Amino acid sequence: MKVLMANKFFFPKGGAEVVMFQERDYLLHSGEQVIDFSMHDERNRESPYASHFVSNKDYRKGGKLSKLSPALSFIHSREAVSKIAALIDKTQPDLMHCHNIYHQITPSIISIAKSRGIPVVLTLHDFKPVCPAYLRLREGRPCSLCLDGDFRHVLRNRCAGGAIADSALLYAEAAIQRWLGSYEKVDRFLAPSQFMRDAVLHRFRSEQVVLLYNGVDTAEIDASAQDDGYVLYLGRLSREKGVETLLRAHEAAGSWDLVVAGTGPLERGLQMRYPNARFVGQLSGQPLKATIRGASAIVVPSEWYENCPMSVLEAMAHGKPVVASRIGGIPELVVEGETGVLFEPGDAEELQRHISRLMRDPSLRARMGAAGRIRAERHFSIEKHNANLTDTYRSLVSA
């Protein structure tokens with residue numbers, strides 16, 4: 001089978017790219033051919049198809065889209081259409097799998113594949129088809145206004161950081177893509193959580209959207225019985241991630257250590273206001289693995305509609321109890337009282353109680369961590385993900 005895999009980034013920028021490269025590596029190791037389509041970037045991994053990538057576009061540079069030409073290419077990329085048409089004609093793929101394609105590549109490539117009789121799969125890493133601003137946040141709070149299909153809310157509420165011009169562009173993009181039926185042409189959407197699936201069923205047919213949880217490679221991760229007595233946060237230091245709620249809980253408790261690993265727009269302010277936490281910056285490789293292995297528990301205090309966060313799956317694979325917000329797709333991963341505990345988003349007092357209880361009881365932490373590892377192996381293994389992915393591919397290709 002030849003799979004054309006499209007994503008605007010061809011380096012591990014975030015969770016979407018982690019999932020894409022997992023799937024790409026699996027297909028290649030299984031003897032399938034993978035045809036890459038992406039955007040040029042100095043951080044890209046090597047690809048034999050790099051000459052077909054679109055030119056680099058950073059729409060956030062300078063803050064605003066003030067010119068008509070880049071604004072139009074934000075919605076419909078003639079370059080992406082031309083280059084993917086040539087790539088398809090040259091390689092003759094059996095199927096196209098899209099990950100994050102909007103803005104730099106645009107959903108315009110979907111019509112090109114369909115015009116050549118190629119089935120299209122799209123993984124829903126965020127809420128873009130039902131939320132023009134893609135995160136379902138309004139003034140930093142969870143929002144569901146656009147689920148009914150009225151995208152004018154993004155304009156009324158200036159969802160693009162309060163900027164009317166950029167919000168108008170997001171509205172125009174959503175309205176035009178719906179008028180063109182770009183997303184409606186997708187044969188199968190892969191929803192990494194039931195929460196995501198329910199959200200997009202406001203727009204798409206039930207048979208069009210398949211539940212496919214992200215997978216974690218438990219064979220590559222050894223469960224750790226190490227417990228060095230600290231609570232760990234891994235992630236971006238931004239408002240929607242709820243890290244300040246965790247820091248408030250830590251300050252109120254005063255009885256357990258907190259390690260914060262990550263960077264983001266709130267970093268300097270948080271360091272100044274919460275000096276008792278240990279901020280260790282962005283970790284990767286062996287330092288990241290060692291920090292996870294030594295943690296007593298991992299906290300995911302999100303205050304936005306998380307989809308299927310890899311941080312939760314990786315914590316479970318490492319045999320660590322998870323303390324997480326009861327929001328989005330997270331409750332589908334964490335079994336409350338068995339593999340971890342859940343709390344109401346933004347409730348620092350409840351969060352403090354849960355963590356303090358865990359930190360007083362090493363045996364409870366060990367039991368929850370072991371149960372989390374078993375759950376990761378049984379329900380969220382990369383093998384299970386890949387098997388279900390392959391079944392979806394073959395059902396479309398054989399049809």
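I began with the packing of α13, whose buried residues (buried meaning under 20% relative accessible area, exposed over 50%, partly exposed in between, with a 1.4 Å probe and protein chains only) pack against α11, β14 and α12. Here I take contact to mean heavy atoms within 4.5 Å, and the helices (H or I, at least four residues) and strands (E, at least two) are DSSP runs numbered from the N terminus. The model is a predicted one, in which local features need pLDDT of at least 70 and side-chain atom pairs count only at pLDDT 80 or more, while totals for chains, interfaces and linings use all residues. Residues are numbered from 1 along each chain as its sequence is written, and side-chain values use heavy atoms, with hydrogens and water left out.

**Helices α13 and α12**

I listed the buried residues of α13 as Leu364, Arg365, Met368, Gly369, Ala371, Gly372, Arg373, Arg375 and Ala376. I then checked the length of α13 against the expected span (1.5 Å times one less than the number of residues), and its 18 residues should span 26 Å, which agrees with end C-alpha atoms that are 26 Å apart.

I turned next to α12, residues 348-359, which has 12 residues and reaches 16 Å from its first C-alpha to its last, close to the 16 Å expected. Nine of those 12 residues are buried, so α12 is largely enclosed by the rest of the structure. I noted the buried ones as Ala348, Glu350, Leu351, Gln352, His354, Ile355, Ser356, Leu358 and Met359, and they pack against β9, α8, β12, β13, β14 and α13. At the N-terminal end of α12 I found a cap from Asp347, with a side-chain oxygen 3.2 Å from the backbone nitrogen of Glu349; the polar contact rule asks for a pair of N or O atoms within 3.5 Å, where within protein one must be able to donate a hydrogen and the other to accept it, and residues adjacent in sequence count only if both atoms are side-chain atoms.

**Two loop residues**

I looked up Thr218 in the loop between β8 and β9, and it is buried, with a relative accessible area of 10%. Leaving out residues up to four places away in sequence, Thr218 touches Ala317, Arg373, Ala376 and Glu377.

I found His318 in the loop between α11 and β13, where it counts as buried at 8% relative accessibility. With residues up to four places away in sequence again set aside, His318 touches Ile221, Asp222, Ala223, Ser224, Ile292 and Arg293.

**Nonpolar cores**

A nonpolar core is a set of buried Ala, Val, Leu, Ile, Met, Phe, Trp, Tyr and Cys residues joined through side-chain atoms within 4.5 Å. In the largest, of 78 residues, I noted that Leu4, Phe37, Met96, Ile109 and Leu122 touch the most other members. Another core, of 27 residues, lies apart from it and has among its members Leu247, Leu258, Phe279 and Val323.

**Cavities and pockets**

On a 1 Å grid over the protein atoms alone, a cavity is a set of points where a 1.4 Å probe fits but cannot get out, whereas a pocket is an open set with protein on both sides within 12 Å along at least five of seven lines, and lining residues have an atom within 4 Å of a point. Grid points are joined across faces, edges and corners, and a volume is the space filled by probe spheres set on the points.

I counted three cavities of 30 Å³ or more in the whole structure, and the largest has a volume of about 110 Å³. Its lining has 16 residues, of which Cys131, Arg136, Cys143, Leu145 and Cys146 lie nearest the centre.

For the second largest pocket I noted about 240 Å³ of space and a lining of 14 residues, of which Arg141, Arg239, Gly242, Thr245 and Glu303 lie nearest its centre. The largest share of that lining, four residues, comes from α8. I followed up Arg141, which is found in strand β6 and counts as partly exposed at 48% relative accessibility. Not counting residues up to four places away in sequence, Arg141 touches Arg136, Arg239 and Glu303.
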